[in-house]
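Here are a few notes to read with the model open beside you. Take them one at a time, and find each residue on screen as you go.

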Amino acid sequence: MLTVDNINFNGKRALIRVDFNVPLDKQTLAIADDSRITATLPTIKKILADGGSCILMSHLGRPKEGPEDKYSLKHIVPHLAELTGTTVHFANDCIGQEAKDLATAIKPGEILLLENLRFYKQEEKGDIEFARTLSTLGDIYVNDAFGTAHRAHASTAVIAQFFKGNKCFGYVMANEIANAQKIMKHAEHPFTAIVGGAKVSDKLLIIENLLNVADNILIGGGMAYTFMKAQGGRIGNSLCEDDRLELTLELLAKAKQKGVALLLPSDSVAADAFNNDANKKDLPSGEIPDGWMGLDIGPNAANDYAEVVSNSKTILWNGPMGVFEMPSFENGTKQVALAVAKATKQGAFSLIGGGDSAAAINKFGLEDEVSYVSTGGGALLEYFEGKELPGIAAILND
Ligand code: AMP
């Protein structure tokens, strides 16, 4: 894989697509969580240490019609200067004369941050002229934004064609790809995938693709109840997608045919309201009466799942087992997280991916006890769905 390690950036301007789409405080516009910025620091530092300069481009938020102050990347500049210990110039427009002048004047060791790419509609449309204009700002294109790798946007994919022989992955991208490949291409068996979250429709494709590689698929979260209902279970007021009932039966049949153990939670923590203080009781997942809803996998299911996980050599986890944000319904997710940590300690490779699973693992303080926590929600999901990600393909296909 071609990474920044394969290139000497001395005297070169690296045009780097970063993911600085960080949450900002609504009132003060202060950075609420800088992990996406710190993640890409090694890439920036390697290029600066070589004697190169960095021209950074990113999106921030979802601006609708052109520039909006609350989505300006200028709010990032002071923190970026502090983190990198170097001069950070800012261009008030990602294209145009000012950006051009600043990119021409930049000195080795310095950084130039361009204004939000999504102030231009052309970015998300993948406009080739917009990509060409951006490309004139740098000598070498580096993509370090895994979070947008599944988008064929101007700065994430289209631009790469203007850097034939002069493009590579940054460390964030390279790490994400290497870890995802460990799961999909080089998994040691038994391989267990834990798939949870609210909606089965979001996870159908990933489950379908995982049926080709995994030995066990453990289903949890709200999506489990569509499976239960399809099999004739009573699920009360639990989440359910009635238009997917047939598809869940097909998945169960495919799993059987392929010899994959697709497990559903034998019991659930049911509640009489979607509320942390609701009355709750443990019930078989297919025997939930009207007026009650399954909000977590039950203790028996948590034990079953923990046991499967503890016997696994490769573990992929996407989506929580229940409404883990509420302490009353966090136990299933917590037990599974602890089992993943334990298996990792015993030598298993574990990858946690998707925003909510990462949030869950952080909530239980276990982020350092798993092998890898991915930063790319949608991108990672699409990778595991078996799709080609445009941001990756654009670097690989010269
Ligand atoms: P997703 O983004 O699809 O991975 O879903 C994550 C969300 O699903 C979290 O906010 C959970 O609170 C929610 N969730 C998980 N299990 C359930 C459940 N049994 N009922 C309702 N929501 C759930």
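Is L204 buried or exposed? Keep that in mind as you go through the points; please remember too that this is a predicted model.

1. **L204 and its surroundings.** L204 is buried, because its relative accessible area is 9%, and buried means under 20%. To find L204, look in helix α8, which covers residues 200-210. Leaving aside residues up to four places away in sequence, L204 touches R244, L247 and L251. For a sense of scale, pick Y120 as well: Y120 and L204 are 84 residues apart in sequence, and their C-alpha atoms are 34 Å apart in space.

2. **Two domains.** The chain is divided into domain 1, residues 4-173, and domain 2, residues 187-384. Between the C-alpha centres of domain 1 and domain 2 there are 36 Å. Six residues from domain 1 and eight residues from domain 2 take part in the contact.

3. **What the interface is made of.** About 500 Å² is buried between domain 1 and domain 2, and carbon and sulfur atoms give 64% of that area. On the domain 1 side, have a look at F146, H150 and V172: these residues lose the most area to domain 2, together 77% of what that side buries.

4. **What the interface lacks.** How many salt bridges are found across the interface of domain 1 and domain 2? The rule finds zero. For residue pairs in polar contact across this interface, with both residues at pLDDT 80 or more, the count is also zero.

5. **The largest nonpolar core.** Now turn to the largest nonpolar core, which has 74 residues. The members that touch the most other members are L114, I207, I217, F227 and F384. Helix α7, residues 171-184, gives the most to this core, with six residues. Where does this core lie with respect to the domains? Domain 1 and domain 2 both give residues to this core, so it lies between them.

6. **I217 as an example.** To see what a well-connected core member looks like, select I217, one of the residues that touch the most other members. Not counting residues up to four places away in sequence, I217 touches A193, V195, I207, L210, L211, V260, A261, L262 and L263.

7. **A second core.** Before you close the viewer, find the other core, which lies apart from the largest one and has 27 residues. F9, A14, I16 and L73 are among them.

Conventions:
Residues numbered from 1 in each chain as written. Predicted model: local features only at pLDDT ≥ 70, side-chain atom pairs only at ≥ 80, totals over all residues. Heavy atoms only, no water. Core = buried A, V, L, I, M, F, W, Y, C linked by side-chain atoms within 4.5 Å. Buried < 20%, exposed > 50% of the residue type's maximum accessible area, 1.4 Å probe, protein only. Helix = DSSP H or I, 4+ residues; strand = E, 2+ residues; numbered from the N terminus. Domains from an automatic or database assignment. Contact = heavy atoms within 4.5 Å. Buried area = accessible area lost by both parts, 1.4 Å probe. Salt bridge = Lys/Arg side-chain N within 4 Å of Asp/Glu carboxyl O. Polar contact = N/O pair within 3.5 Å; in protein donor to acceptor, adjacent residues only side chain to side chain.
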